[in-house]
Amino acid sequence: APTVVVPPALRRPIAPPPGYGAVHVSERAEASDGDRGAGRDTVILRTPGVVFLTSGSTGGPKPVFRSMDAVLAQARALNAALPAPPRAILDVLPLSGSQGFVNGLLQAAVSGARLGLVARPDHRSILEAFAGGYDVVSLTPFFASLLARCPIPSPAPAAPPVVRVAGGRLPEAVCSAFRSRFGVTLQPQYGTSEYGTISLAPNAPDAMNPDTVGWPLPGVEICVGDRPGAPCPPGTPGRLWVRTPWRMAWP
C-alpha cells in the first residue's frame with residue numbers, strides 16, 4: 001500500500017486512508033510504542049509511493065503523492081551529481097518532508113552510504129554531528145544562515161565537503177560567511193515537494209553563482225513561455241514550465 005509520512009507536529013493520532021500504511025516520524029530520539037506500532041509493518045522502500053505535505057507557503061499544507069520509483073530516481077540523480085559516491089550522509093532535516101526523506105534517507109539507501117541523523121534539529125546538534133566524517137549534508141536556508149553566524153568555539157568544526165541548500169538562492173553575505181567559517185562553498189539546490197529537485201549547482205566552487213539556483217539536473221526539462229514547448233526569446237519573462245522524471249503523480 002502507499003505510505004503516508006506523518007510529520008511530528010501532528011499531536012493527535014492519524015488514521016491513514018483505506019489501503020494506505022502510515023509511518024509516524026517522532027520528534028524524540030526513540031519513538032514511542034505508538035509510533036513504532038504505526039510503522040512496524042510498513043517496508044518503506046517497497047511501497048508504491050509516499051504522500052508528503054507541502055510547506056504551506058501558499059495556504060495550508062497540501063498532500064503530494066510521489067511514486068517510490070520517482071523519489072528513488074531523484075535520489076540517484078542527486079548522488080550522481082556528487083564528486084564521488086557518498087560514503088556517509090548526514091540528514092538533519094525531518095524525514096516527514098521530501099527534502100529530508102530524499103536528500104538523506106533515500107540517497108543513503110540507494111548508495112549504501114552510512115546515514116547520520118540528529119535527535120533534534122538545532123544548530124548545536126548539527127555542529128556536533130559534523131565531527132562524524134560525513135561527505136554531504138542538505139540544509140535549509142535558515143540553518144545555513146544560522147550556522148554561518150552562531151557563536152562557536154575556535155577553530156570551527158570541519159563541515160562536510162558538500163553542503164547543499166534547498167529552497168532558492170541565498171544572499172551573498174550568507175554564502176561568504178559560511179565559506180569563511182567552514183571553508184566550504186554552499187551549493188544551491190532548488191525544487192518543490194511537487195516536482196522534487198529541479199536544479200543544482202555544479203561541484204566546481206568557481207562555477208557557482210549565488211545569484212542563481214543552479215543548472216537543471218539531467219532529465220529535467222524547463223521552458224519559459226506561454227505554453228510548453230514554445231519558449232520565449234531570451235530575456236523575455238514568461239511562465240515557467242517544468243517536467244521532471246520524479247514529479248508528483250496527478251490523480
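Helix 5 and helix 6 are oblique to each other, and they make a good place to start reading this predicted model. The protein has six helices and 13 strands. Of its 251 residues, 42% count as buried. Among the contacts with a separation of 6 or more, 53% join residues 24 or more positions apart.

**Helix 5 and helix 6**

- Two numbers describe a pair of packed helices: the angle between their axes and the distance between the axes.
- For helix 5 (residues 141–149) and helix 6 (residues 172–182), the angle is about 50° and the axes are 8 Å apart.
- An angle of about 50° falls outside the 65 to 115 degrees that count as roughly perpendicular, and it is neither under 35 nor over 145, so the pair is called oblique.
- The crossing of these two helices, helix 5 and helix 6, is left-handed.
- On the helix 5 side, the contact is made by Ala144, Ser145, Leu147, Ala148 and Arg149.
- Helix 6 brings Val174, Ala177, Phe178, Arg181 and Phe182 to that contact.
- Sorted by class, the contact of helix 5 with helix 6 has seven nonpolar residues, one polar residue and two charged ones.

**Helix 2 and helix 3**

- Now look at helix 2 and helix 3 (residues 98–111), which pack at an angle of about 80° with their axes 9 Å apart.
- That angle makes helix 2 roughly perpendicular to helix 3.
- Helix 2 takes part through Val71, Leu72, Gln74, Ala75, Arg76, Leu78 and Asn79.
- From helix 3, the residues in the contact are Val102, Asn103, Leu106, Gln107, Val110 and Ser111.
- By class, the contact of helix 2 with helix 3 has seven nonpolar, five polar and one charged residues.

**Salt bridges**

- Side chains of opposite charge can pair when their charged atoms come close.
- How many salt bridges does the count come to? The count comes to three salt bridges.
- One of them joins Asp135 and Arg87, with the closest N and O atoms 3.2 Å apart.
- Asp135 sits in the loop between helix 4 (123–129) and strand 7 (136–139), while Arg87 sits in the loop between helix 2 (68–80) and strand 5 (88–91), so this pair ties together parts that are 48 residues apart in sequence.
- Is Asp135 buried or exposed? Asp135 has a relative accessible area of 15%, so it is buried.
- Its partner Arg87 has a relative accessible area of 64%, so Arg87 is exposed.
- Another salt bridge links Glu172 with Arg179, where the closest N and O atoms are 3.6 Å apart.
- Glu172 is partly exposed, with a relative accessible area of 39%, and Arg179 is partly exposed too, with 32%.
- Arg243 pairs with Glu221 in a salt bridge whose closest N and O atoms are 3.9 Å apart.
- Here Arg243 lies in strand 13 (residues 239–243) and Glu221 in strand 12 (residues 221–225), so the pair ties together parts that are 22 residues apart in sequence.
- Arg243 is partly exposed, because its relative accessible area is 47%.

**A buried residue: Gln187**

- Find Gln187 in strand 9 (residues 187–192).
- With a relative accessible area of 4%, Gln187 is buried.
- Which residues is Gln187 in contact with, leaving aside its neighbours within four places in sequence? They are Val162, Val163, Arg164, Val165, Ala201, Pro202, Asn203 and Met208.

Notes. Residues are numbered from 1 along each chain as its sequence is written. This is a predicted model: local features need pLDDT of at least 70, side-chain atom pairs count only at pLDDT 80 or more; totals for chains, interfaces and linings use all residues. Side-chain values use heavy atoms; hydrogens and water are left out. Axes are lines fitted to C-alpha atoms, for helices over the stretch in contact, and angles run from 0 to 180 degrees between N-to-C directions. Helices (H or I, at least four residues) and strands (E, at least two) are DSSP runs, numbered from the N terminus. A crossing is left-handed if the near helix is turned anticlockwise from the far one by less than a right angle, and right-handed if clockwise. Contact means heavy atoms within 4.5 Å. Ala, Val, Leu, Ile, Met, Phe, Trp, Tyr, Cys and Pro count as nonpolar, Asp, Glu, Lys and Arg as charged, and the others, Gly among them, as polar. A salt bridge is a side-chain nitrogen of Lys or Arg within 4 Å of a carboxyl oxygen of Asp or Glu. Buried means under 20% relative accessible area, exposed over 50%, partly exposed in between (1.4 Å probe, protein chains only).
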